[in-house]
Structures are given as C-alpha cells and as structure tokens.
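Visitor: I've got a few minutes before my gel is done. Could you walk me through this one, strand by strand?

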Amino acid sequence: MEVPTALEELFKYIDKNTSRYIETLREAVAIRSVSSLEECREETCKMVNWTAGHLRKLGVEVCLKEIGTQVFPSGNEVKFPPVLLGTLGNDPKKKTICIYGHLDVQPALKDDGWNTEPFEMAECDGRLYGRGAADDKGPVLACIQAIEAFQAVHVELPVNIKILFEAMEECGSLGLEGLVTSEKDSFFKDVDYICICDGSWLGKDTPCIVYGLRGCCFFRLTVECASQDLHSGVHGGMVHEAMADLTYLLSSLTDKDGRLLITDIYNSVPPLHAGEQDIYTNIDFDTSVYGNDIGAVKLLRQDKADLLLNGWRYPSLSIHGIEGAHGEFGLKCVIPGKVTGKFSIRIVENQSPEEVKKLVTDYLTKKWQERGSATRIMVTMTASALPWHEDPHHPHYLATQKATKYIYKKDGDLIRAGGTMPIITTLKKITGKNIINVALSAGDDNIHAQNEKIDKNNYISGTKFMAAYLYEVSRIEK
C-alpha cells in the first residue's frame, strides 16, 4: 500500500534518527525499574520521572499521580511509583487517543542465564538485548518518538493525545484501578479510543493486533493432616497424609490432554460462531516451529487451529507449585503437616470469577469426600481478572490494519491471546471505550525470560507504525 505523502518525510526522519533512538533505549534499559523489589523502588520512580522529562520536552502537560503505599515483606511501607498522566492537544475537532504503556520490568540477573548484563543493553546482529527492551520500554519509546517525529518534520499532530504510563504493571497494576475510576469524568472524559502498546507477535514475520485476552482466577488448595510436620519413620502408615491427598486432588482437575474435568466448567463458554475456526486457520503460525522454540516434548494439539483455539478461546488450567513440601536437594523423611497447591484457571468471555470459584470449590470438595480422607481442606481464590474481547471489525481496528500495511506491507493477524492484562478490563469497565492492543516486538523476544531483546527493525518499524496509527485513526469517520 502506498504511503501517504503526509507520512513519507516523517518516516525518513525516523530512519535518520535510528542511532539516537537506540541510545535512548539504552538509557531506559539501564534504569532498574523492577517494581516487585523494594530495593529497586527508587529506580522505578526514577524511570517514571525520566519518561516525564522526555514528554515535557515535546510540550506534553504531565501530571504525576500518587496512588498510595504498599508494605513489603521487610515490614517497610513504601510509596508506589507515581502514575504518569500526559495531555497533548485539546482540539475539539480532532479525535483523542489514550496511549497506555508500562515502565516497570521483571527481575533479571546475569546469573539467571543471561549472556550479557540485563541492565546494560547490548547490540548484536541487529538485536537489542536488555531487560525491558521489548516489555515495555521499547514500545513506550516508539510511541514517544512517533510524536516527536511529527513535530520535527513540522506536520501537525493529527489527533489529541492522552498518555497513561504506569510502573506497577508487572505486579498486577496495583493501585491503578482507583486512579482510573477517579479520572473517569476528567482525564478520560474526551477520549475516543484507547491503544495498549504491549505484548509480542506470534512469530517473527507477521504483526499481530490483539482483540481478546483470557481472564484469570488464582487458587490455593490447602490440605492439613496434622498440626506439625511428622517423621515418616515414626508416623508413616498411621495418619492420612496431606501431600497424598493434595496430589490426588490436583491431578483430578484435568485429564492428560489438558481438558478441565471440573463439573460444568464449559457450560458458559460461548460456542464457535459460523466461520470462526477459519480465522485461526489463516493465522501465520507454525506449530512445529513453536514446539521446537519452547522445547516441548509434545504439544496438546497438532492442528494449528485446534491448538490456537485451545490456548486462546477455551479455558485452561495450570498447576504452579506446592508450598510446605520439601523442595531442596537431598532427602528429608518428613510428612508435611500442611501443604498448599497453587493453580490458576484462564477464563474466557461469559465466564465470571464468582462462577468459576463456586464450580472449583464444589468440585474439589466432592472429590475430597469421595476419597474419604480424614484430612482437612480449604479452597481459596486469591485473585482474579476478567477476560476482554472487542469486535475486530470495529473502525478502530480497520484503521489500525491500514497503518499496518504502510509499514509491514501486509495485513496484521487479528488474534486473541491466552494471557491476561488486568489494566485492559479495568479501562474497558470504567471508560467503555474501544481498546486495541498492538504488539511491536517479535515472538522470539523472550519477554519475561533470559536474554530479552527487541530487534532493531521492530523498534524502528514500531516507531513508524505508531505514527501511521495516529494518522489513520484521525481519519475515522464519526
């Protein structure tokens, strides 16, 4: 698709400034904004202020909002990093876009298995390695650089901009919902659309536009057999053992093919609509490459559409660990007095956390009663987030597809994703605006893992894409 004249000079400017953009990302990666660690809280706040400084240079009106405190395991009460709200332009004739991104990152140490220091960005073969390069500092900077490029080539910014950048996303966006609620009739009042810049493509060649995410319910299943740990040589064979009951109950939740066995759990899952399976068939995704990339022994489904449906469109259950059991090297002949299994269920539209909690509790209670054990059990849902879904044929999505063609010379894949992003459901619930989640990084960028990176081409093309996105959204007819 031919690039509009209004964007040609802007794209040339972006190409000429590639080296500067890389150095800016290097600065951002060097700030250890690990939101989950108390010792990094000052650096996390520094990252917010560093970003605010770059935005102010562009004339963005920046407001840093305090959202409370949290108590760390040390007992220290520490302020959350402030939330950055930015406003650029208030022309009533223009559409107003709210851009969301996050400035915090996951923990990372070289000893974890990194080839380079995670907070010292390294460039190798066109890849930019560093914690946060892809999630989410690179995409955040692409948004800022797109705005700067309009100004630099003296092309009027085609939309009004609202910016919502937080630095607690990696901890579940703690404290953010209250702020969004309080700003509903002020900061968000004139917003037309919301753009989330986060996540990654399925593969390395085709961009992805996300229109749906699963929700998530986190559970703890505690089984108790005694008031203390017991010596297995003294008490083995004489008491009902908590660990045996726990593993029995956990293994009863799914079959060997991953299908949930919880009674009625699929009742509220919407059936596939006519032609829906074809959407998954046409997505650029290779099951064998995917399996090899993650080192899977065997995938649950071999057919592409079936595998994607299973990972995005239907609920799934994952067991994450057991507390209270011996996990260190060597032998320990102990019967744990109390153990807790941790698992989560990814839920889809029409499923509610309240419904799922009841189904899980009733099912596990019944299975425990059938076993006839004298242990005690307790089922707790510790956290939850709702699923999110938009109409991928909405004008906002159609405009984004046009922007995609300018940059990548092809349609982006319209996809759901299997993960959960609480901020999206929060923004949807409170503002009611149409939301799009655009991913700028490739599927092999190791988000949250060792050797996280963003390809230089993705970083620069992502900057161009954000400029094209703003241009095309401005052209949506009301």
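Guide: Sure, with one term up front: two strands pair if DSSP finds at least two bridges between them. And keep in mind that this is a predicted model.

Visitor: Fine. Which residue stands opposite Thr 222 in β15?

Guide: Start with the strands: β11 covers residues 215-224 and β15 covers residues 338-347. They run antiparallel and are joined by ten bridges. In β15, the residue opposite Thr 222 is Thr 340.

Visitor: And which residue is the bridge partner of Gly 215 in β15?

Guide: We're still on the antiparallel pair of β11 and β15. Gly 215 belongs to the stretch 215-224, and the partner strand spans 338-347. The bridge partner of Gly 215 is Ile 347.

Visitor: What is the strand order in the four-stranded sheet?

Guide: This is an open sheet with antiparallel pairing. Seven bridges join β13 to β15, with Ser 318 opposite Ser 344, and β15 is also bridged to β11. The order reads β13-β15-β11-β16.

Visitor: Which strands of that sheet stand at the edges, and why is one side of each left without a neighbour?

Guide: The order is β13-β15-β11-β16. Each edge strand has a single partner strand, so one side is left without a neighbour in the sheet. Those edge strands are β13 (316-323) and β16 (376-385).

Visitor: By how many degrees are neighbouring strands of this sheet turned against each other on average?

Guide: Here the direction of the strands is ignored, so to speak of the antiparallel pairing is a separate matter. The average turn between neighbours is 20 degrees.

Visitor: How many of the ten residues of β15 are buried?

Guide: Buried here means under 20% relative accessible area. By that cut-off β15 is largely enclosed by the rest of the structure, because the buried count among its ten residues is seven.

Visitor: Which helices go with this sheet?

Guide: One lies across β11, β13, β15 and β16, running at about 150 degrees to β11; that is residues 242-251. Another, residues 353-371, packs on the sheet by touching β11, β15 and β16, with its direction at about 160 degrees to that of β16. In that order, they are α7 and α11.

Visitor: Which residues does the UniProt domain annotation cover?

Guide: The record, an unreviewed entry, carries the label "domain: Peptidase M20 dimerisation". Over its span the chain is 34% helix and 22% strand, with the end C-alpha atoms 39 Å apart. The annotation covers residues 211-368.

Visitor: What about the three-stranded sheet: which strands are at its edges?

Guide: This open sheet is antiparallel too, in the order β6-β7-β20. Three bridges join β6 to β7, and Ala 122 has Tyr 129 as its bridge partner. Pairing on one side only, the edge strands are β6 (122-124) and β20 (453-455).

Visitor: On to the aromatics. Is the pair of Phe 187 and Phe 188 stacked or edge-to-face?

Guide: Seven aromatic pairs turn up in the whole structure. In this one the ring centres are 5.0 Å apart, and both residues are buried. Planes over 60 degrees apart count as edge-to-face; these are at 90 degrees, so the pair is edge-to-face.

Visitor: Which residue has its charged end over the ring of Phe 187?

Guide: Phe 187 is the buried residue we just met. The charged end sits 4.7 Å from the ring centre. It belongs to Lys 162.

Conventions. Residues numbered from 1 in each chain as written. Predicted model: local features only at pLDDT ≥ 70, side-chain atom pairs only at ≥ 80, totals over all residues. Heavy atoms only, no water. Helix = DSSP H or I, 4+ residues; strand = E, 2+ residues; numbered from the N terminus. Axes fitted to C-alpha atoms, helices over the stretch in contact; angles between N-to-C directions. Contact = heavy atoms within 4.5 Å. UniProt positions renumbered as here; feature names shortened; annotations may be inferred. Phe/Tyr/Trp six-rings, centres within 6.5 Å; stacked < 30°, edge-to-face > 60°. Buried < 20%, exposed > 50% of the residue type's maximum accessible area, 1.4 Å probe, protein only. Lys NZ or Arg CZ within 6 Å of the ring centre and 35° of its normal.
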